Amino acid sequence: MDVSHISTIFEDVARILELKGDNPFKVRAYQRAARTIEGLGDELESLIKDDRLTDLDGIGNDLAEKIKEIVLSGRLRYYEELQNTIPAGLLAMMDIPGLGPKTVKLLYDQLGIDSVKKLQLAAKAGRLKALEGIKEKTEKNILKGIAIVRLGQERTPYPFIYPLAEGFLRELKSLKAVEKIELAGSIRRRKDTIKDIDILAVSHDAPAVTDAFTALPGVRQVLARGRTKSSVRAGEFNTQVDLRVVEKDSFGAALMYFTGSKEFNVAMRRLAIKKGYKLNEYGLFDKKGKRLAGSREEEIFSLLGLTFIPPELREDRGEIAAATRGSLPRLIKFSDIAGDLHVHSDYSDGAVSLSGIAEIALARGYRYIGITDHSQSLKVAKGLDQSALLKKRDAIARLNEQHKSLRILFGTEVEIMADGSLDYCDDILKEFDLVVAAVHSSFKQSRTQMTKRVVSACRNKYVNILAHPTAKLWGTRDSVDIDMDELLRVCRDTRVAMEMNCNGQRMDLNDAGAMQAKKMAVKLAINTDSHKPADFDGMAAGVYLARRAWLHPQDVINCLSYDELKKWLKK
DNA sequence: GCCGTTTTCGGCCCGACTGTTTTCAGTCG
């Protein structure tokens, strides 16, 4: 069962109920259930079998029945009945920033507007001003909002957004009025993709900071300018950047609040209430309104009986319960990484020579590096034929003699052909220290075909790592259609590691995928897929992503010592 | 729709900003 099918239905139900002005808490119950289900993966089947759905937080008898109905029939009658009560276009209208259920309903009831297209025409014609509560400004904002949606409000991969955030941070830090400044929001949680950048500052002169912020180079549009909060759009992706200026005494509470996630905050506030406190962005308060903590996050966690929860984990995925028990995992750190197992040299489409790669690896403190050039059929990337392989193997042997503290692995990123065979025969494959297998063509195969194809490649006894398992390329190509559960079962049995490819365009597997792999006892490999020197820096984003997936160094093969890794690679 | 060391009914996270009002509703995070 595809859990996202269920959560999509629940999310839609929530939106329709919202539009109809139904009980907001009922709306939230559906939203919460959608999230809970999404995080389940293949556990769902056993929960249904054992009749334990209501054990889940936020799932009562009613929602349990609805989940079962979807699993059994693929449909939900209640959802279909709801859909018949409103025009489909209204849901799309709710995606426009600044437009919520109330306004959409007003537009529909009063003017019969039931699509984004009609809304745009009406706004351009100035017909919205006829409505109560809407004047010139709102009409303009709606048109702007439509343009933003049209532009594609897509999230941008973390590695592409981080430089803009860092630049803003640096500029603001240099201001005299700024006493303290930190990134917050999803960028502090190191999500794989980012929608907007949140910055939090302490200052005795908030207006000065706000003025400087809205005038920074790179700012394209000022969206809001308040006493404590201002927003702009900036950078090549037209990213929204929000700046908040807060008091020193509430910096920790504000940092926690603006770091989120939203779901984490809601759960934390619920916990605070349960303990007789009130938590907001100004601090943790007792019943009489006395502030008990606020300047540091650590104090708030501690007063609530929790160990410090790293930002990467703050998603309400069980981290609060774990912190209560003091059993948060020892997360992987950058210093645990002993090597990179997927990089390209100038033998194929990389820009760096073998010895250049060795130097980069040494400079980063790695113990080993896997040089995995493309295989022969990938002509566009100068894939290596047999004679080139021999040359490369000798060159690597010589390099290994020169370097004592670094082991260089003779590897390949071998093509998984459309029929599931590999681009080198077994006699060649057995000569490599490291075999990374990957799909780079025929992406449109059916789910059955694609699953069969990749599974068959992973069953080859020389394959060690499956590179970028979903083949998704940000902004270019969607994930391939593949039965991930089946694939993970095979990889567990054949001891093939799943890659967390941290190239900015890929981020594949992402944290959700890696969590699923870990649940199935499949090892991960965090690799940069480097083609040029700067790419090696991607490892940081990869480690953050692995932390978001709750990964321990033991889950990741490139945390192994060289001897352990050699043993692991030999099947 | 969910949930219960106040409760099986009556709560459910909380505050800032905008645009419209002239004290507030809607939206957002």
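**Close-up views of a predicted protein–DNA model**

**View 1. Helix α13 and the residue that follows it.** Just after α13, G260 has a positive phi of about 65 degrees. This is a predicted model: local features need pLDDT of at least 70, side-chain atom pairs count only at pLDDT 80 or more, and totals for chains, interfaces and linings use all residues. Residues are numbered from 1 along each chain as its sequence is written, chains are lettered from A and ligands numbered from 1 in the order in which they are written, and side-chain values use heavy atoms, with hydrogens and water left out. Helices (H or I, at least four residues) and strands (E, at least two) are DSSP runs, numbered from the N terminus. Helix α13 covers residues 251-259, and eight of the nine are buried, so the helix is largely enclosed by the rest of the structure. Buried means under 20% relative accessible area, exposed over 50%, and partly exposed in between (1.4 Å probe, protein chains only). The buried residues of α13 are F251, G252, A253, A254, L255, M256, F258 and T259.

**View 2. The protein surface near DNA strand B.** A residue is near the strand if one of its heavy atoms lies within 4 Å of it. Of the 46 residues around DNA strand B, N23, R28, Y257, R269 and Y282 come nearest. By residue type, the surface near the strand has 17 nonpolar, 13 polar and 16 charged members. Here Ala, Val, Leu, Ile, Met, Phe, Trp, Tyr, Cys and Pro count as nonpolar, Asp, Glu, Lys and Arg as charged, and the others, Gly among them, as polar. On the DNA side, 76% of the strand B atoms within 4 Å of the protein belong to sugar or phosphate, and the rest to bases.

**View 3. Side chains at the phosphates of strand B.** T103 places a polar side-chain atom 2.6 Å from a phosphate oxygen of DNA strand B. For T138 the corresponding distance to a phosphate oxygen of the strand is 2.8 Å. For K66 it is 3.1 Å. Elements giving two or more residues to the surface near DNA strand B include α4 (61-73), α7 (101-111) and α9 (136-151). Strands β5 (219-225) and β8 (278-280) are also among them.

**View 4. T214 in helix α12.** T214 is found in α12, residues 206-214. At 10% relative accessibility, T214 is buried. The side chains of T214 and R225 share a polar contact of 3.1 Å. A polar contact is a pair of N or O atoms within 3.5 Å; within protein, one must be able to donate a hydrogen and the other to accept it, and residues adjacent in sequence count only if both atoms are side-chain atoms. Leaving aside neighbours within four places in sequence, T214 is in contact (heavy atoms within 4.5 Å) with V219, V222, R225, S230 and V232.

**View 5. The salt bridge between K68 and D51.** A salt bridge is a side-chain nitrogen of Lys or Arg within 4 Å of a carboxyl oxygen of Asp or Glu. By this rule the count is 38. K68 and D51 form one, at 3.5 Å from N to O. K68 lies in helix α4 and D51 in the loop between α3 (43-49) and α4, so the pair ties together parts 17 residues apart in sequence. K68 is partly exposed at 22%, whereas D51 is exposed at 54%.

**View 6. The salt bridge between D336 and R330.** The closest N and O atoms of this pair are 2.6 Å apart. D336 is buried, with a relative accessible area of 16%. R330 is partly exposed at 39%.
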